[in-house]
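I am opening this notebook to record what I looked up in a structure that is new to me. I take the topics in turn and keep each entry short.

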Amino acid sequence: MKWRGALTALALTALVVAAGAGLARSAGDSPGQDPVRAVAAGLRCPACQGESVADSRSPIAAAMRQVVADQLAQGRDRDEIRRWFVQRYGADVLTDAPARRTELLLWGVPLAALLGGGYAALRTLRPRAPRVAPVVTAAAAPNARTAGRAWRAMSVGLFALVASVAVATYHLDRPARQAAAPADPIAVAVQLARDLEAQHRYDAAARMYREALRERPDDAVQLRLAFVLLQAGDTAGATGAARQVLAHAPDSPDGLLVLGLAERTSRPAEAERVLRRFLTVAPEHQAAAEISRLVGGVNRVDATAPPDTRSPAQRSR
Amino acid sequence: MLADLGTVSLTVGLAGATLTALLWLRVALFAAPARPARLGTAVTLATAALACGVLEAALVRHDFSVRFVAENGGRRVPLYYTVTSLWSALDGSLLLWLLVLAGYAALLARRRYPARLHGYAMVVVSVVTLFFFALSSFAANPFRVVSPTPADGPGPNPLLQQHPAMGVHPPLLYAGYIGLVVPFAFALAAPLAGPDGRGWLRAARPWALVAWAALTAGIGLGAWWSYAVLGWGGYWAWDPVENASLLPWLTATAFLHTTLARAAERAGWPTTLACASFLLVLLGTFLTRSGAVSSVHGFTDSPLGPMLLGFVLLAVVGATVLAGRRPPGPVARPPVLSRGTAVLINGVLLVTIAAAVLIGTIFPLLSGPLGAARVSVGPDYYQRTAVPLAVVVLLVMGMTPALRVRDRAAAARRLVLPGGVALATVAAVGLLSRPGLPALTAFGAAAFVLVGLAREVPDRLRQPGPHRRPSRLAGLVAHAGIALVAVGVAGSAAYGRDTERTLRTGETIRVADVTARLVGVDRGGGDDGMSVRARLRLTAPDGAARTATPALRYHPARDTAVALPAIDTGLLRDTYVTLIAVAPDNGSATVRLAVNPLVGLLWAGGGLTALGGLLAALGATRRRHRPPVPTHRPARPAALGSGGVR
Amino acid sequence: MTRRTLRRPDWLRAGPAVVLALTVAVGTLVALGLRPPATSTAGDIAAGTPVPAPALSGVTLDGGRFDLAAARGHVVLVNVFASWCGPCRDELPLLVDAERRWAPRGLRLVGLNIRDGTEAVRALLDETGATALTVLRDPDGTRAIGWGVRGVPETFLVDRDGGIIDRQRGVVTRQWLEQRVAPLLAG
């Protein structure tokens, strides 16, 4: 049977060589993967959140992909291209370079796990000299005293757990508690609408505010409605709501603010006038800085980031 | 009315869970009769079920005076999605969590185990239940009354109203997550229970297998959902929520395997891994439910974050103190070249992968306080850490069938054929197509595993043993599933092609050998937003032509556009079309056309893996019934190699 | 003997102790990380030492030629814009007005129009009254990337020696023009 063994060995050797060739061929940059994509996947899209240039659909990312393609066509390699981008955008542009110092964590933790686990496995397989047979401390049934103590400790612990959750809720969830406290139905509706607003459900929030307003007209609520409508993209509704407030409080800063923001697209000249008025009426307003920038050239930022139209209450959080 | 009933049921449940924990403690400490404690557990389950039922009833009856319904219900929402909206937002999903947890507690209470082990394990489960009842009652009560009652609600998140799988995916995932509480409870109970605790692994194993199978299926379904419904083009984005489900899966897998190696068991590996698995479940809940790490799946910020964090820390400290008490068992020197070694090596590797995924997931939380920018870690990091390690895991996994044989020469002989096929695969694939190093090694490793398993089948079926045939094949089935998943992942990553272009009507886009021609664009309004469809004619090389209509649905309430992909599923590859943008005049559309080969293997492999887990669970339960559980004999790991997932 | 082992706290073994210490450390870090991050300073970027401006030359929209190198001695505002960007539309009049006022003192304004169609730009210029604007076209956006543009609009301030001394991400404001551009023109 010797020839059989030899034959197997020969076949295996041939296979190893062939597989080695296959691996070596693959180790080079594979034409299989789109090289542009490969490089772009390592770049962070500067106009987006947490997306790579390869995945993002923003125009800037598309332009960056084009740059990568052009440079690859000129024969530059991956590292050169990455350096080129780092020169222009800083090290943050690389998806795999979050931060120099803390980056160590990303590699150190798995390495520590590997080494620690490996050491433990080694100890398991090749234990040191057999130690004195360990005494199983908890093996004996607990005597009455220990059991009693454990019982008392545990019962206290359980109640402490429940109590701590209750207390933590009390301290952490104030707005929710305020919602439960007042029996005033309108205040509740307004609170609910605020919750919805915080969840970015502007349409639903607007519905709730309208409901509250039907019961009891209130300028503050009307203003919130206007803000929410603005958020929901209903500029006409926002304009209407803001006008209602301004009708009896012509210098209401928030009313001017919403009106100005809402009319920016439909009547830019009028909007600028209103926003300027807002700035004169309330130069100290939280939104004033932003608005003065807006009025300087009216508007800011690209389409992915709409101008900051959060309501004043949200800003102050 | 319903709101009051719900609040009352939560309060009664909280009291019941507290009482139940104390009753079980009496069972464990004073050998009190277990009957009252069992009753308490049943009552707790009843209250959890009642709370869920009340919220469902409120949802279905559109009772908008209940806060959760006012925020997540809607009259226009179809009945099915009204029912599933219970778990479409934070507070309701916590109720589902409670129901599943109380269900596991009730099932565990009904079983017979040595009294002290059972008692302590039930104390642990009850304390966890208690904590979640407290969360639901105080911090996230969905039953707070809204007044005046709104006329209508906004409906659940539109992303969660797109596919019927919404009814299956979260409950399955929860069943997996929460099932891991049972091995955790046994692991903590064992050192406390003294001699009663020695059989804990055998008691915990069926539970762990069921939970693991559910978790596997849940993860697979989640990946499929991501691919077929969310339409961003892939199935796994290393998103925090996906990572949170993967983490306990990795450690639970390691746990299941170390229960098969006696040396590992003695040294306390299963204890550590069982604890780690459930602690990672809790940590994942914290990460995803608190809004701490932003994610596409994440719910909004809430006061739950700090509380969950506190509980995670408490659980870690408690588990360490309790499990750390147990001194290592008597030493044994297993042969180096044995299955025990392979299991340990893979255990270490799986833990390392879990560590990499964990640190990558929580990195944004850590980097802030450490003075760096809060940046999230991209897929590149995971591809450089987790993927190579996973290939090694596959290779080691492929060796185990051969290592069953004690004789080294025989073991080596048994490796010749799988090794040869693996090398041939690498050579052929590498020389013909250059898929890249990770994919190529994955192909080789998968071939190695599959051939080794195929050789093993006849042996397994011939093997004498008390249990039925299917469960003997459980391990093989699960491992084959994993190998198929590996082929699917590597193949779709290496051979997937895509391109994106703006097409005018009549123009074509081409990827690989598939051509798509834009036939037209249709615009339509809907109740919950506007939608645009593109009609494309796909032409495959064989001349067959099909129509694909990807759509883009805009949801004004969230100001997001969701791409609904059109997938033409084939045997070996999918053609995947997504609509990215449409010109205002409908004259042109930006379309992404992708050809994803071997994706089908992912779903098939995932299904096989889960099936393997289930078969093993069946085998393990059946075996537990045959011989009565020995309480005084030191436990041997459940019948080495006869039917477990190895 | 039993008492002794009972008294020595078993959980002080190395492994558990390490786990506990790590838990406390990570828990503290995460708790700190849970606090909302400080508001990012998105808008403006502080000016540093001037960096040499990348080359920028070519045929303008109206058929002339522009070369940034030839504009040495002038203060140049390079405004990256596109017709598909709403805010760009809004800021153009302000920029054109600034050039009109300050051209005698040596200010030049050049628009870098990225990923856009010729007709669309012309329409935009007509609409905003900026027909006289010098526009260089960058259909695939690669020139803008060469300048390190992060979004549209973005405006670079190039001093008389051809160095970028400031950049404004987002919309240019009158305040910015007064504070950053005007001083350069004084000398």
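The entries below go from confidence to single chains, then to a strand, a helix pair and one residue.

**Entry 1: confidence**

I note at the outset that this is a predicted model, and that its scores are ipTM 0.84 and pTM 0.74.

I looked up chain B, where the mean pLDDT is 83 and 87% of the residues reach 70 or more. Among the elements of chain B, I found the highest mean pLDDT, 95, in helix α2 (residues 35–60) and the lowest, 68, in helix α18 (residues 469–472). I marked residues 295–300 of chain B, where pLDDT stays under 50 and the model has 17 contacts beyond four places in sequence. I also marked residues 626–646 of chain B, where the pLDDT is below 50 and the stretch has 55 contacts beyond near neighbours in sequence.

For chain C I wrote down an average pLDDT of 79, with 83% of the residues scoring at least 70. Confidence in chain C is lowest in helix α1 (residues 2–7), at a mean of 39, and highest in strand β4, at 93. Over residues 1–12 of chain C the pLDDT is below 50, with 12 contacts in the model beyond near neighbours in sequence. Residues 37–47 of chain C also stay under 50, and for them the model has nine contacts beyond four places in sequence.

**Entry 2: a covered strand in chain C**

I turned to strand β7 (residues 154–158) of chain C and asked how many of its five residues are buried. The count is five of five, which I record as a mostly covered strand. In a regular strand the side chains alternate between the two faces of the sheet. In β7(C), C:E154, C:F156 and C:V158 lie on one side and C:T155 and C:L157 on the other, and both faces are covered.

I then looked for the partners of β7(C). Strand β4 (residues 75–81) of chain C pairs with β7(C) in the antiparallel sense over five bridges, and C:V76 stands opposite C:V158. Strand β8 (residues 163–169) of chain C also runs antiparallel to β7(C), joined to it by five bridges, and there C:R169 is the bridge partner of C:E154. The hairpin of β7(C) and β8(C) has four residues between the strands, and in it C:G162 takes a positive phi near 80°.

**Entry 3: two helices of chain B**

Two packed helices are described by the angle between their axes and the distance between the axes. For helix α7 (residues 169–179) and helix α9 (residues 200–230) of chain B, I noted axes that come within 7 Å and cross at roughly 145°. The crossing of α7(B) past α9(B) is left-handed. Residues making the contact include B:L172, B:L173 and B:Y177 of α7(B), and B:W207, B:L221 and B:W225 of α9(B). Sorted by class, the contact has 12 nonpolar, five polar and no charged residues.

**Entry 4: chain A and one of its residues**

I counted 15 helices and zero strands in chain A, and buried residues make up 35% of its 317 residues. Of the contacts in chain A between residues at least 6 apart in sequence, 38% join residues at least 24 apart.

I chose A:T239, which sits in helix α11 (residues 235–248) of chain A, and asked why A:T239 counts as buried. A:T239 counts as buried because 22 C-beta neighbours lie inside 10 Å. Leaving aside residues up to four places away in sequence, A:T239 touches A:L259, A:A262 and A:E263. I also noted A:V258, which is 19 residues from A:T239 in sequence and 7.3 Å from A:T239 in space, C-alpha to C-alpha.

Notes. Residues numbered from 1 in each chain as written. Chains lettered and ligands numbered in written order. Axes fitted to C-alpha atoms, helices over the stretch in contact; angles between N-to-C directions. Left-handed = near helix turned anticlockwise from the far one by under 90°. Contact = placed C-beta atoms within 7 Å. Nonpolar A, V, L, I, M, F, W, Y, C, P; charged D, E, K, R; others polar. Buried ≥ 20, exposed ≤ 12 C-beta atoms within 10 Å, placed from the backbone. Pairing = 2+ DSSP bridges. pLDDT = per-residue confidence, 0-100.
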